[in-house]
Amino acid sequence: GQMTLGGFAAALVGLHLAPVPGPWLWLLCVAAAFLAGALWGGIAGALKARTGAHEVIVTILLNFVAVALTNYFLTRFYALPDSVRTGTIGEGAWMARFSDAFALFQGSGVSTAFPFALLAAVAADLLLLRSPLGFHWRILGGGIRRAQYARLSPARLTFLSMALAGGFAGLASSSFVLGYKHYFEEGFSSGIGYLGIAVALLARNRPAAVPLSALLFGFLSQGGLVVNQLVPREVVDLVVAAILFVFIVLDARGREGAIRWI
């Protein structure tokens, strides 16, 4: 839901402000994506902080609301005839594709959003592990009682964490709109939230390790499309499931204990 609204916001800014000079248009689109995602994540954070509502259930339900909202405005005001996408955004907001400069990436959707994603992962890692706010979040992660004993505000920290996470999701969607398609398309983020859980699990919730984990799942996903004519697509899903299962076992028991158990 956060990615859907973030991508839609970026596309709207790119359409309505197309005459704005390049770098400024790009910044406005990215800011719109971040703010839209943060707003949607903040709603879940506020409900969690105020009522204790489970964030997973709330965000799953909010997915339907986000999709319904964007589909309404898309089909009523912005969709091209006989399509489920907007028009092309202003060229000033485009992010260059690697395939334009490197033959190795021919046919790939990788763009200059990739190095920005790496910077975002490093920034998130530093924020979580090297800042007072990140230290407070880690205390809260140990339980509400521990945070209250440290005289912290669990409600405020919960809201901030969910809003910031939503902002990062919005930034991720901007890479699709600005760097790949150059327009918003219905359903572009379908299933990506569940895949993100697997990516974060394999990265052991360390932002700095997320890029490597994401690349692994990306390779498996694209590889599944390539070998689809030779083996069923479900074989790749079984490989992903086996990787996660083995990792969970090793992580739960510790490497030495797991080896002895095996």
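Is Pro23 buried or exposed? In this predicted model, Pro23 has a relative accessible area of 60%, and because exposed means over 50%, Pro23 counts as exposed. Pro23 belongs to helix α2, which covers residues 22-51. Its C-alpha atom lies 7.1 Å from that of Ala93, a residue 70 places away along the chain.

Ala93 also appears in the largest nonpolar core, where it is listed with Cys29, Ile89, Val177, Leu178 and Phe184 as having the most contacts inside the core. This core has 31 residues. At least two of its residues come from each of α1, α2, α3 and α7. A second, separate core has 7 residues, among them Ala198, Phe217, Leu244 and Phe247.

| Core | Number of residues | Residues include |
|---|---|---|
| Largest nonpolar core | 31 residues | Cys29, Ile89, Ala93, Val177, Leu178, Phe184 |
| Second, separate core | 7 residues | Ala198, Phe217, Leu244, Phe247 |

Leaving aside neighbours within four places in sequence, Phe184 touches Thr4, Gly7, Phe8, Ala11, Thr70, Leu74, Val84, Arg85, Thr86 and Val177.

Ala198 and Phe217 also take part in the packing of two helices. Helix α8 (residues 192-202) packs against helix α9 (residues 210-226) at an angle of about 125°, and their axes are 8 Å apart. The two helices are therefore oblique to each other. The crossing of α8 over α9 is right-handed. On the α8 side, the contact is made by Leu195, Ala198, Val199 and Leu202; on the α9 side, by Val210, Ser213, Ala214, Leu216 and Phe217. By class, this contact has 8 nonpolar residues, 1 polar residue and no charged residues. In soluble globular proteins, nonpolar side chains tend to be buried together.

Terms used. Residues are numbered from 1 along each chain as its sequence is written. This is a predicted model: local features need pLDDT of at least 70, side-chain atom pairs count only at pLDDT 80 or more; totals for chains, interfaces and linings use all residues. Side-chain values use heavy atoms; hydrogens and water are left out. Axes are lines fitted to C-alpha atoms, for helices over the stretch in contact, and angles run from 0 to 180 degrees between N-to-C directions. Helices (H or I, at least four residues) and strands (E, at least two) are DSSP runs, numbered from the N terminus. Angles under 35 degrees count as roughly parallel, over 145 as roughly antiparallel, 65 to 115 as roughly perpendicular and the rest as oblique. A crossing is left-handed if the near helix is turned anticlockwise from the far one by less than a right angle, and right-handed if clockwise. Contact means heavy atoms within 4.5 Å. Ala, Val, Leu, Ile, Met, Phe, Trp, Tyr, Cys and Pro count as nonpolar, Asp, Glu, Lys and Arg as charged, and the others, Gly among them, as polar. Buried means under 20% relative accessible area, exposed over 50%, partly exposed in between (1.4 Å probe, protein chains only). A nonpolar core is a set of buried Ala, Val, Leu, Ile, Met, Phe, Trp, Tyr and Cys residues joined through side-chain atoms within 4.5 Å.
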